[in-house]
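Biologist: Please take one strand of this protein and look at it closely, with its partners and its place in the fold. I would like a connected account rather than a list.

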Amino acid sequence: MVKPFVFQVVGYQNRGKTTFIRKLMESLRELNLEVAVLKHHGHGGKPDIAKLKDSHNHFHAGAVASLVEGDGTMELLGNFSSGASIAELIHLLGLFHPDVILIEGYKQEDFPKVILIKEESDLLLLEGLVNVKVAVAWPECLERTRKQASVPVFPLDSNQFFEWFLEQILGWHNARSIAINKIEEDQ
């Protein structure tokens with residue numbers, strides 16, 4: 001199984017993470033890249049689960065997992081008794097063979113990440129998080145973010161982040177190909 005490129009999109013609540021990911025996914029899909037998304041439910045408690053008839057009933061009746069498949073599409077409801085680690089969740093998404101896994105949230109994890117900066121208070125994230133590779137800022141915070149950041153900063157309303165992101169994916173896949181070829185040569 002080819003390991004996907006994993007990248008986080010982080011920021012405080014109501015900073016546009018979901019919209020940002022949706023636009024990024026649309027652009028990646030136009031290039032025929034398969035994308036999976038892992039979203040952290042950061043509001044506490046269990047996420048709301050839509051009532052999906054039988055699968056919903058099975059799950060709430062005590063099934064540890066309930067999976068419904070039809071015409072190649074599936075929906076999965078599951079309970080991890082001790083909670084799932086992010087590594088387990090990424091492994092699960094890897095079963096779908098995506099080229100890219102985007103993670104929304106999980107700010108404290110060590111994956112490469114972009115921070116969305118909408119307000120001046122968001123600048124604290126530049127100092128407090130690990131593996132920050134880039135920031136994307138709203139127009140009203142763009143210059144202040146550029147002054148404070150030690151990473152590239154792009155305006156929200158441009159394609160500059162997407163172009164940068166594609167370079168990261170290409171570099172990562174090229175590095176993996178070189179490493180795989182080296183391993184094969186040594187065998």
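Modeller: In this predicted model, 52% of the contacts in the protein with a separation of 6 or more are accounted for by residues 24 or more positions apart. Against that background I would single out strand S7, which spans residues 132-137 and is mostly covered, with five of its six residues buried; for the protein as a whole, 35% of the 187 residues count as buried, a residue being called buried when its relative accessible area is under 20%.

S7 has a parallel pairing with strand S6 (residues 113-117), to which five bridges join it, and within this pairing Ala135 of S7 is the bridge partner of Ile115. S7 also pairs with strand S8 (residues 153-155), again in the parallel sense, over three bridges, and here Ala137 has Pro155 of S8 as its bridge partner. Between S7 and S8 the chain passes through helix H5, residues 142-148, and the β-α-β crossover made in this way is right-handed.

To place this part in the whole, the protein contains six helices and eight strands, and its elements, read from the N terminus, follow the order β-α-β-α-β-β-α-β-β-α-β-α-β-α. As for the outside of the protein, about 11,800 Å² is exposed, and 52% of that area is supplied by carbon and sulfur atoms. Returning to the strand itself, S7 is thus a mostly covered element that is paired in parallel with S6 and with S8.

Definitions and conventions. Residues are numbered from 1 along each chain as its sequence is written. This is a predicted model: local features need pLDDT of at least 70, side-chain atom pairs count only at pLDDT 80 or more; totals for chains, interfaces and linings use all residues. Side-chain values use heavy atoms; hydrogens and water are left out. Helices (H or I, at least four residues) and strands (E, at least two) are DSSP runs, numbered from the N terminus. Buried means under 20% relative accessible area, exposed over 50%, partly exposed in between (1.4 Å probe, protein chains only). Contact means heavy atoms within 4.5 Å. Accessible areas come from the Shrake-Rupley method with a 1.4 Å probe; for residues, only the protein chains shown count as cover. Two strands pair if DSSP finds at least two bridges between them. A crossover is right-handed if, with the strands pointing away from the viewer, the path from the first strand over the helix to the second runs clockwise.
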